[in-house]
Amino acid sequence: MARPVEREFTVTDKGTIVCFKSSTYDCVVVDANSRGRASAFLTTRAPTDSHDEDLAHCTREINRILDEASVKRAHHGPDGDGHRELAILITDRGPLLAWVRHAVDKDDPDAVAQALGIAHD
């Protein structure tokens with residue numbers, strides 16, 4: 001399993017949240033699993049002392065609810081000016097669920113050129 005991409009977030013003056021590649025890890029994008037379902041929180045294969053059946057049940061319910069929200073949003077189509085993904089933001093006041101956009105990795109010259117619509121040399 002690949003390590004999650006470390007992302008940081010910022011907020012535009014219009015309230016849009018944008019996540020970008022960073023050494024900070026405060027924007028956790030909820031990726032779809034192999035079945036195409038959102039899975040925000042992990043659970044153990046079997047109950048443990050730290051993740052018992054009660055927490056496993058809660059985790060499954062939370063993931064089910066978040067998956068429903070993601071599916072509902074996907075069925076409504078693009079939100080006018082681009083695709084957003086579900087993320088968990090780690091803020092100074094606690095975690096926040098949010099629909100986020102992604103910034104282009106500025107260390108990828110081809111991606112930057114494409115996003116800006118400029119010609120390659």
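These are my notebook entries on a predicted model, taken in the order in which I looked things up.

**Entry 1: the hairpin**

I began near the start of the chain. Strand E1 covers residues 7-11 and pairs with E2 in the antiparallel sense, over five bridges. I looked for one facing pair and noted Val-11, which stands opposite Ile-17 in E2. The two strands make a hairpin, and five residues lie between E1 and E2. In that turn I checked Gly-15, whose phi is positive, at about 90°.

**Entry 2: the cores**

Next I asked which residues make up the largest nonpolar core. I listed nine: Phe-9, Ile-17, Cys-19, Cys-27, Val-29, Ala-87, Leu-89, Ala-98 and Val-100. At least two residues of this core come from each of strand E2 (17-21), strand E3 (27-29), strand E4 (85-91) and strand E5 (94-102). I also found a second, separate core of five residues, among them Val-30, Leu-66, Leu-86 and Ile-88. A general remark I kept beside this: in soluble globular proteins, nonpolar side chains tend to be buried together.

**Entry 3: Leu-89**

I then picked one core member and asked what Leu-89 touches, setting aside residues up to four places away in sequence. Several of its contacts are members of the largest core, including Phe-9, Ile-17, Cys-19, Cys-27, Ala-98 and Val-100. Leu-89 also touches Asp-26, Gly-94, Pro-95 and Leu-96.

**Entry 4: the cysteines**

How many disulfides does the structure hold? I counted one. Cys-19 and Cys-27 form the disulfide, with their sulfur atoms 1.9 Å apart. I read 80° about the S-S bond, and the link of Cys-19 and Cys-27 is right-handed. Both of these cysteines are buried, and both belong to the largest nonpolar core. I looked up Cys-58 as well and asked why it counts as partly exposed. Its relative accessibility is 39%, so Cys-58 falls between the 20% limit for buried and the 50% limit for exposed.

**Entry 5: His-51**

Last, I went to the loop between E3 and helix H1 (53-75), where His-51 lies. Is His-51 buried or exposed? I entered it as buried, because its relative accessible area is 13% and the cut-off for buried is under 20%. The side chains of His-51 and Thr-43 are joined by a polar contact of 2.8 Å. Leaving aside neighbours within four places in sequence, I found His-51 in contact with Leu-42, Thr-43, Thr-44, Ala-56 and Thr-59. Thr-43 is thus on my page twice, under the polar contact and in the contact list of His-51.

Conventions:
Residues are numbered from 1 along each chain as its sequence is written. This is a predicted model: local features need pLDDT of at least 70, side-chain atom pairs count only at pLDDT 80 or more; totals for chains, interfaces and linings use all residues. Side-chain values use heavy atoms; hydrogens and water are left out. A nonpolar core is a set of buried Ala, Val, Leu, Ile, Met, Phe, Trp, Tyr and Cys residues joined through side-chain atoms within 4.5 Å. Buried means under 20% relative accessible area, exposed over 50%, partly exposed in between (1.4 Å probe, protein chains only). Helices (H or I, at least four residues) and strands (E, at least two) are DSSP runs, numbered from the N terminus. Contact means heavy atoms within 4.5 Å. A disulfide is a pair of cysteine sulfur atoms within 2.5 Å. Two strands pair if DSSP finds at least two bridges between them. A polar contact is a pair of N or O atoms within 3.5 Å; within protein, one must be able to donate a hydrogen and the other to accept it, and residues adjacent in sequence count only if both atoms are side-chain atoms.
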